[in-house]
Amino acid sequence: ADEATLDPWGSSTIADYRKLFEQFGIEEFDEVLPEVPNPHYLMRRGVIFGHRDYRPVAEAMRNDDPFAALSGFMPTGDPHIGHKLVFDEIIWHQQQGGDAYALIADLEAHSARGLSWDEIDEHATNYLLSLLALGFDPDEGTLYRQSDNREVQDLAFELGAEANFSELQAIYDFDGETDISHMQSVVTQMADILYPQLDEPKPTVIPVGPDQDPHMRLARDLAARMRYFGVTEAFASFEADGVERTLLRQAYDAREDYAEDADRPRCGEAADWLREHQPAPADARESVVAKLDEAGKEPLRPRIRFLDRNATDEAFEALIEAIDGEKRVYDEHIDTFDLDHAEAEELARQVELDNGGYGFQPPSSIYHRFMTGLTGGKMSSSIPASHISLLDDPEDGYDKVKSATTGGRSTAEEQREKGGKADECPVYELYAYLLSGDDDEFAKEVYDECVGGERLCGGCKEQAAELMEQFLEEHQEKRAEWEDKLAELDIDLDS
Ligand code: SF4
């Protein structure tokens, strides 16, 4: 992937996280950290380094309001210590009172990665066992697989009506050869992300690696597009001048005329009819269109496009109702154009809910660093020595740590004199990301001793290897306990 595209299915390492802040508008997590009650150690240690719109989640946590956290796992191999970061993030949000969702992205694994259903079943079981062994509470949380969740499929279909091919092409580099299932798996993933809000809108956080950010941007976009009161919301979010207000009023009046006109054209021509019957001067209209575009809204879009090829009377009546609804909302809120953005969002959402819409809040995300491979470079599922699988024999885990690359100097003497390079050391990462657990003092001690030259790599690795062995033993014992209970859970593991 080059600078401007992040490829969620590629294997590029994001070498310079800073670019993400600048190019994609991901914010630094440090800025929101003080607002998070009892932050997780991955947050405190900067492993979770960025976020998009995490404030509403932190606020809900502080106020004991509802919020949710969701993550999907693509069952393409064994879960390893890199995946543990995401498991931990979901579990932590659950422990903070959030509704936690974990799903098996089997449709995506099948369509985007070409795995057989048998392979998927096996890996899915392994992911779930590790998630449960690490502390996910299945009684409080929700586990599902994409292919079994009818509500997700239905929502995906609706979301699909709001996205088009060129858009997916631009985001995911799709081309004429891309198969349809792959595109379907994208809208399914969008539906997963919004699924926690289906019954009730609430702040929702999706913990991801930075390579998943394109999914997040699309999901946030689609959440906004699902509002059929989009025009009201867009208008509320910027200051409209007099001409524009008049124009909007006229546009709504035109729609009302349309709704009342017995000879109104049906469906496909409805958009043209509306456009023709707007008496406003062309330049004023252009200006409104430009502003709506800026706010990410299509102008005057009462779902006509969707109805083009679905011209049942019922659908048509729904359209008329939507137009009436927007008019009513507009009349009620004409005086609220100077709301600030958050107030306008809230108002639009409430209005939408009152009128039977979804009222989705744009989903938030947090971004964690990728773990460095034990052999240097990227940690990769396809290079066994580079990672420790959560299923690895504990002794193999021990051996892998012992053979890991370090940030040590070439001689013990030099290390004592100059100190080790903990910041470039995969072994230190193991301490910070996993082996120190919640104990900041211990992680800091390892760091300080290393850079101060008091710690030498041989002993440091021995200690890490022993801790890793112990972790794997305990983890696998817990997995074994869950293995017996797995059948009782409400999730079907055979496709
Ligand atoms: Fe890494 Fe430990 Fe060596 Fe420091 S002493 S470079 S943390 S292995």
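This dialogue walks through the domains, the ligand shell and three helix contacts of a predicted model.

Reader: Before looking at any detail, I would like to know which domains the protein is assigned.

Author: The model in front of you is a predicted one, and the domain assignment divides the protein into domain 1 (17–226 + 363–368), domain 2 (230–354) and domain 3 (384–488). Notice that domain 1 is written as two stretches, 17–226 and 363–368.

Reader: How far apart are the C-alpha centres of domain 1 and domain 3, and how many residues of each are in contact?

Author: The two C-alpha centres lie 28 Å apart, and the contact joins 17 residues of domain 1 to 17 residues of domain 3. On the domain 1 side, the elements that contribute two or more residues are helix H3 (41–44), helix H5 (81–95) and helix H7 (117–133), with H7 giving the largest share, six residues. Sorted by class, that side of domain 1 holds nine nonpolar, four polar and four charged residues.

Reader: Turning to the ligand, which residues are the closest to it, and which helices supply at least two residues of the shell?

Author: The ligand is surrounded by 14 residues, of which the closest are Gly-420, Cys-425, Cys-450, Cys-457 and Cys-460. Helix H21 (426–435) and helix H23 (457–485) each supply at least two residues of this shell, and the largest share, three residues, comes from H23. The shell as a whole divides into seven nonpolar, four polar and three charged residues.

Reader: I also see helices that pack against one another, so how should I read the angle between H21 and H22?

Author: An angle over 145 degrees counts as roughly antiparallel. H21 and helix H22 (residues 440–451) pack at about 160°, with their axes 9 Å apart, and they are therefore roughly antiparallel to each other. Their crossing is left-handed.

Reader: Which residues meet where H21 packs on H22?

Author: From H21 come Tyr-428, Tyr-431 and Ala-432, and they meet Ala-443, Val-446, Tyr-447 and Cys-450 of H22. By class this contact has seven nonpolar residues, with no polar and no charged ones. Cys-450, which takes part in this contact, is also listed among the closest residues to the ligand.

Reader: Is the pair H6 and H10 roughly parallel or roughly antiparallel, and what classes of residue make the contact?

Author: The axes of helix H6 (residues 106–113) and H10 come within 8 Å and cross at roughly 150°, so H6 and H10 are roughly antiparallel to each other, and H6 passes H10 in a left-handed crossing. Leu-107, Glu-108, Ser-111 and Ala-112 of H6 make the contact with Ser-181, His-182, Gln-184, Ser-185, Thr-188 and Gln-189 of H10. The classes here are two nonpolar, seven polar and one charged.

Reader: What angle does H10 make with H11, and which residues of the two helices meet?

Author: Helix H10 (residues 180–194) and helix H11 (residues 213–225) pack at an angle of about 70°, with their axes 10 Å apart. Because angles of 65 to 115 degrees count as roughly perpendicular, H10 and H11 are described as roughly perpendicular to each other, and their crossing is right-handed. Gln-189, Met-190, Ile-193 and Leu-194 of H10 meet His-215, Leu-218, Ala-219, Leu-222 and Ala-223 of H11, and this contact divides into seven nonpolar, two polar and no charged residues. Gln-189 thus deserves a second look, for it appears in the contact with H11 and also in the contact with H6.

Terms used. Residues are numbered from 1 along each chain as its sequence is written. This is a predicted model: local features need pLDDT of at least 70, side-chain atom pairs count only at pLDDT 80 or more; totals for chains, interfaces and linings use all residues. Domain bounds come from an automatic or database domain assignment. Two residues are in contact if their C-beta atoms, placed from the backbone, lie within 7 Å. Helices (H or I, at least four residues) and strands (E, at least two) are DSSP runs, numbered from the N terminus. Ala, Val, Leu, Ile, Met, Phe, Trp, Tyr, Cys and Pro count as nonpolar, Asp, Glu, Lys and Arg as charged, and the others, Gly among them, as polar. A residue is near a molecule or strand if its C-beta atom, placed from the backbone, lies within 6 Å of it. Axes are lines fitted to C-alpha atoms, for helices over the stretch in contact, and angles run from 0 to 180 degrees between N-to-C directions. Angles under 35 degrees count as roughly parallel, over 145 as roughly antiparallel, 65 to 115 as roughly perpendicular and the rest as oblique. A crossing is left-handed if the near helix is turned anticlockwise from the far one by less than a right angle, and right-handed if clockwise.
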